[in-house]
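Student: I have the sequence and the model open, and I would like to work through some side chains and contacts with you.
Tutor: Then let us take them one at a time and reason from what can be seen here.

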Amino acid sequence: MAGIFDRFAPFVQDFAYTHDWESLRAIQVAAADAIFNTDENVLLTSSTASGKTEAAFFPILTQLWENPPASAGCIYVGPLKALINDQFYRLTDLCEEGGIPVWHWHGDVAASHKARFMKRPSGILQITPESLEALLLHRHAAIPQLFGDLRFVVIDELHALLRGDRGAQTLCLIERLSRMAGAHPRRIGLSATIGDPAVAARLL
């Protein structure tokens, strides 16, 4: 697991060892190479349960750990509350050792949890497109403080957003957020295998 693996933060390496990983998958090596060694937006497409989440977050968390942001450093946009809840616990397990907070924000999340994020914006915020729109609308004055040092926007289930207008609306929200915050985050798209990756890449 040398090479790219050695570039990961110690807590990320420990996570891999603790979970008995003997090697990185090809998508995880390719994603880390693209995120570490370029400034480009990145589209990761592979079958379900192929390790896309770790592929994106291992290098992202490493960079947030090495150079902690002054606000939330990463937004994870998921199309469903259930997906966000699932990934919240998955990411919390990964981030705990690195001291990187993970927050989630949708209609079922307690107001006290949201208030703590508003008071101490940091780490990773997981949110649905609809909640992101409400956040921009109702908390617009706080956006620069919350996201002024935003480095990454991870868009999960990108193939689902290709159906209908929701994908374009989501990207419009990300553009609005970036302008309001004065930030220029990179976009990392995650998708199950799709028929025409070029279409998804253009959307991204």
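Student: Is Arg 116 buried, partly exposed or exposed?
Tutor: This is a predicted model, and in it Arg 116 has a relative accessible area of 47%. Since buried means under 20% and exposed means over 50%, a value of 47% makes Arg 116 partly exposed.

Student: In which helix is Arg 116 found, and what separates its C-alpha atom from that of Gly 189?
Tutor: The residue belongs to helix 6, which covers residues 111-119. Arg 116 and Gly 189 are 73 residues apart along the chain, and the separation of their C-alpha atoms is 28 Å.

Student: How many salt bridges does the whole structure hold, and which residue pairs with Arg 7?
Tutor: A search of the whole structure gives three salt bridges. In one of them, the closest N and O atoms are 2.9 Å apart, and the partner of Arg 7 is Glu 66. This pair links distant parts of the chain, with Arg 7 in helix 1 and, 59 residues apart from it, Glu 66 in helix 4.

Student: Which parts does the salt bridge between Glu 175 and Arg 187 tie together?
Tutor: The closest N and O atoms of Glu 175 and Arg 187 are 2.4 Å apart, which fits the cut-off of 4 Å for a salt bridge. Glu 175 is partly exposed at 36% relative accessible area, whereas Arg 187 is buried at 13%. Because the two residues sit in separate elements, twelve residues apart in sequence, the parts tied together are helix 10 and strand 6.

Student: Arg 186 also lies in strand 6; which side chain of opposite charge is nearest to it?
Tutor: Arg 186 is buried and has no salt bridge, although a polar atom of its side chain lies 2.8 Å from the backbone oxygen of Glu 40. A salt bridge requires the nitrogen and the carboxyl oxygen to be within 4 Å. The nearest side chain of opposite charge is 4.8 Å away, and it belongs to Asp 39.

Student: At what angle do helix 2 and helix 4 pack, and how many residues of their contact are charged?
Tutor: The axes of helix 2 (residues 10-18) and helix 4 (residues 52-66) are 9 Å apart, and the angle is about 145°. Helix 2 contributes Pro 10, Phe 11, Val 12 and Phe 15, while helix 4 contributes Phe 58, Leu 61, Thr 62 and Trp 65. These residues divide into seven nonpolar and one polar, and the number of charged ones is none.

Terms used: Residues are numbered from 1 along each chain as its sequence is written. This is a predicted model: local features need pLDDT of at least 70, side-chain atom pairs count only at pLDDT 80 or more; totals for chains, interfaces and linings use all residues. Side-chain values use heavy atoms; hydrogens and water are left out. Buried means under 20% relative accessible area, exposed over 50%, partly exposed in between (1.4 Å probe, protein chains only). Lys and Arg count as positive and Asp and Glu as negative; His and the chain ends are not counted. A polar contact is a pair of N or O atoms within 3.5 Å; within protein, one must be able to donate a hydrogen and the other to accept it, and residues adjacent in sequence count only if both atoms are side-chain atoms. Axes are lines fitted to C-alpha atoms, for helices over the stretch in contact, and angles run from 0 to 180 degrees between N-to-C directions. Helices (H or I, at least four residues) and strands (E, at least two) are DSSP runs, numbered from the N terminus. Contact means heavy atoms within 4.5 Å. Ala, Val, Leu, Ile, Met, Phe, Trp, Tyr, Cys and Pro count as nonpolar, Asp, Glu, Lys and Arg as charged, and the others, Gly among them, as polar.
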